[in-house]
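The following exercises concern a single protein chain with a bound metal. Each task is followed by a solution in steps.

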Amino acid sequence: MVRYAFILLLLITATTLSVSKNAREGFSFADADRLKPLEARLIQTIRPENCRSQHRIFTEKPHMAGSVRNYELAQHVAKQWKEYGLEDVELIEHPVYLPWPIRYEATLVGSNEKLSLKEDPIPQDKDSSNEDVGIPYCAYSADVDVTAPVVYVNSGNPEDYDLLAKRGVDVRGKIALARYSVPYSYRGFKALTAQRHGVAALLLYSDPAEDGFKKGDVYPWGPWGPESHLQRGGIVYDFNLPGDPRTPGWASVPGGRFFPAESAVSMPTVAAAPMSYKDARLLLEKMTGPAVPSEWQGGLPFSYRLGPTSDKLHLVIQNDKKVRSIWNVVGRLRGAERPNEWVILGNHRDAWVFGGVDPSSGSATLMETARAFGELKRSGWKPRRTLIFASWDAEEFTLTGSTEWGELEAERLQAGALAYLNVDSSASGNSFTAAAVPALANFLRDVARDVPDPSGGTIYDAWLRQTTDAKEAIDSKQPRVTTRLGSGSDYTVFLNFLGVPIADLTFDGPYGVYHSIYDSFTWVDRVGDPGYYYHAAMGRYWAVAALQLSECDYVPLDYAAYAQEVQSYLNETETAARRLGVDVDFSQVRDAAKLWEKNGHTALEVARKAVEAGDMARVERVHKGLMKVERALLDPEGLVGRPWFKHLIYAPRPTYKPLVLPALTEAIEARDQARAKFEIERLTRALKRAASVIEGL
Ligand SMILES: [Zn+2]
């Protein structure tokens, strides 16, 4: 039995290897072979122990956006990149609206009991007793000084408020206590929902059922959140507009043009604060009223009630309203042949506190990846295209740094960007996870075949095992790339505003300390990635992907796959339209998608033949065409009510969940017949554009 399995395994391995060798999309055979030693050198140069020592530098002190420490780290990044041999390394300043907390207090009126609103140090992690941990808060919260009873609103989603109304619980003017939820829903959506229901303020707490002891051992004994951990985070409505709220669609630069922040569509008018289950327990225990439905029961050992609390809470939330400077660091290796064609590798640097996983695991990996490319350059190699390394600031606020840079460089990015490769957190575990536009999915799988996994074999092997374990891709027999794209990290400006193909990469694992002080060096060193093997694996993967995009003869973007995927979105949307009684004709948009699929298929066939025949003029025509396709999916008018979002295939919902065919879907969900007709025409035009830029090559 074992033996059969072994032979079978050998056969499978042999087949996959030969397939991958013969079908390296984007390269002639000769060029693919030329690539091998370069890949091997990058893989060899990237070392786990270097990731670890960089990680310690980034996680040593809290480094929130706008802080002195985060500026020092920007200088550290720039200095190291120059030493590595990167070119044109610069710190780019953006003055942005970046409020910080001044006063956060919560006192139970009757008992005069104060909630702690902070986390307790633990002896096993000396960083947790750092004195410079600021006040935990929700960025862009409104201010409030209110005394009111508290009600429990479960996850704080619209259906939760509906249930409360049905049960006769009035939330208006009360303080709402909501738990962070699984499945994930962006806290900004909970804020928006609370705002719509007229609550006095929103408290967001981490229930042990989601990320605490109900899941397993808590830190320092395991990955889950201890009693007093709490989740900071922005509540900004960046599903309407990310980046500095004062500059919708253009960059914030010193001396530039600014609107008032308060009038921006991204600014909440509700006040919110994060809370631990240690604090929330004091409120939950004082709830009166009916018992909650069973789905609302959390992990604390008593029956939850809807509320209100028997005792009122005096809550004070006060923030400054300051503009602060943030600093992106950008460095490059200039392309020897095509300096204006760019491959961008980005990670954010700012953290809520120490940022053990989010984002300093990614920052450490970015440093080591940059160093490896510097070593390759020292050996005399130069990339064909320009590689850009970016350390973004203020991602945690409203994807601020990357958005401002994308707006600043919009023209050059739209003219020459091949792809943006994002790594926010590189490793909280060992499960490789990739999200990307469908055109990049096959490319990402191919890259995984070239990079070793710390568990043995390649990342492809481990990824495939994980995918089939999850019983999600048994039919496709290939690792799963998430192609439905929402929001939540720095790729947003590239995809939704600029039409640049994106990928977002991470090694995932059980991780209950997100945005808390326990997301630290020690958490990563002891729990998340002991030995830093997955940090290095991510660096190797990232480097090989960037190398291949930099060196290819034509960019390996598969638009037949993209168009097929869009056709499945059209099927879903048509079903939804029928269900909602919206009568729209899908025949034209379907024809456009089919033509796009055909042209996408032909483009790669033409390129493969031309590259083998040495017809480089033709290869070049295909390459230039492929680079235009994602851009063609943008519409300059953008989405209704949020014109910054210009992509017609993907946008985030307010929960950050992906919304496919956003303009059309929103029209259908609003049962707006006229708008649906308009949107289906707009989508048809976009798909026709996408087809036409790769036609007749
Ligand atoms: Zn992050």
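A residue counts as buried under 20% relative accessible area, as exposed over 50% and as partly exposed in between, with a 1.4 Å probe and protein chains only. The model is predicted, so that local features require pLDDT of at least 70 and side-chain atom pairs pLDDT 80 or more, while totals for chains, interfaces and linings use all residues. Residues are numbered from 1 along each chain as its sequence is written, and side-chain values use heavy atoms, without hydrogens and water.

**Exercise 1. Backbone at two tyrosines**

Determine the sign of phi and the burial of Tyr 140 and of Tyr 532.

Step 1. Helices (H or I, at least four residues) and strands (E, at least two) are DSSP runs numbered from the N terminus. Tyr 140 is located in the loop between β3 (113-114) and β4 (144-148).

Step 2. Phi of Tyr 140 is near 75°, which is positive although the residue is not glycine. Tyr 140 is buried because its relative accessible area is 4%.

Step 3. Tyr 532 belongs to the loop between α16 and α17. Its phi is near 60°, again a positive value in a residue other than glycine. With 0% relative accessibility, Tyr 532 is buried.

**Exercise 2. The helix before Tyr 532**

Establish how many residues of α16 are buried, and what they pack against.

Step 1. Helix α16 covers residues 521-528, and six of its eight residues are buried. These are Phe 521, Thr 522, Trp 523, Val 524, Asp 525 and Gly 528.

Step 2. A contact requires heavy atoms within 4.5 Å. The buried residues of α16 pack against α3 (48-59) and α17 (533-551).

**Exercise 3. The zinc site**

Identify the donors of the zinc ion and classify the geometry of its site.

Step 1. Donors are N, O and S atoms within 2.8 Å of the metal (3.2 Å for Na, K and Ca); water is not among the atoms, so sites may look incomplete. The zinc ion is coordinated by NE2 of His 348, an OD atom of Asp 358 and two OD entries of Asp 424, at 2.0 to 2.5 Å.

Step 2. Four donors are tetrahedral if all angles lie between 85 and 135 degrees; four are square planar and six octahedral if opposite donors are over 155 degrees apart and all others between 65 and 115; anything else is irregular. The angles among the four donor atoms here run from 54 to 139°, and the site is irregular.

Step 3. The donor residues follow the spacing H-x9-D-x65-D. Both His 348 and Asp 358 are buried.

Step 4. Asp 358 is joined to Pro 359 by a cis peptide bond with omega about 5°. Pro 359 lies in the loop between β11 and α9.

**Exercise 4. Two helix pairs**

Classify the orientation of α21 and α22, and then that of α3 and α9.

Step 1. Axes are lines fitted to C-alpha atoms, for helices over the stretch in contact, and angles run from 0 to 180 degrees between N-to-C directions. Angles under 35 degrees are roughly parallel, over 145 roughly antiparallel, 65 to 115 roughly perpendicular and the rest oblique.

Step 2. The axes of α21 (residues 662-669) and α22 (residues 673-692) come within 8 Å and cross at roughly 165°. Helix α21 is therefore roughly antiparallel to α22.

Step 3. The axes of α3 and α9 also come within 8 Å, and cross at roughly 130°. These two helices, α3 and α9, are therefore oblique to each other.
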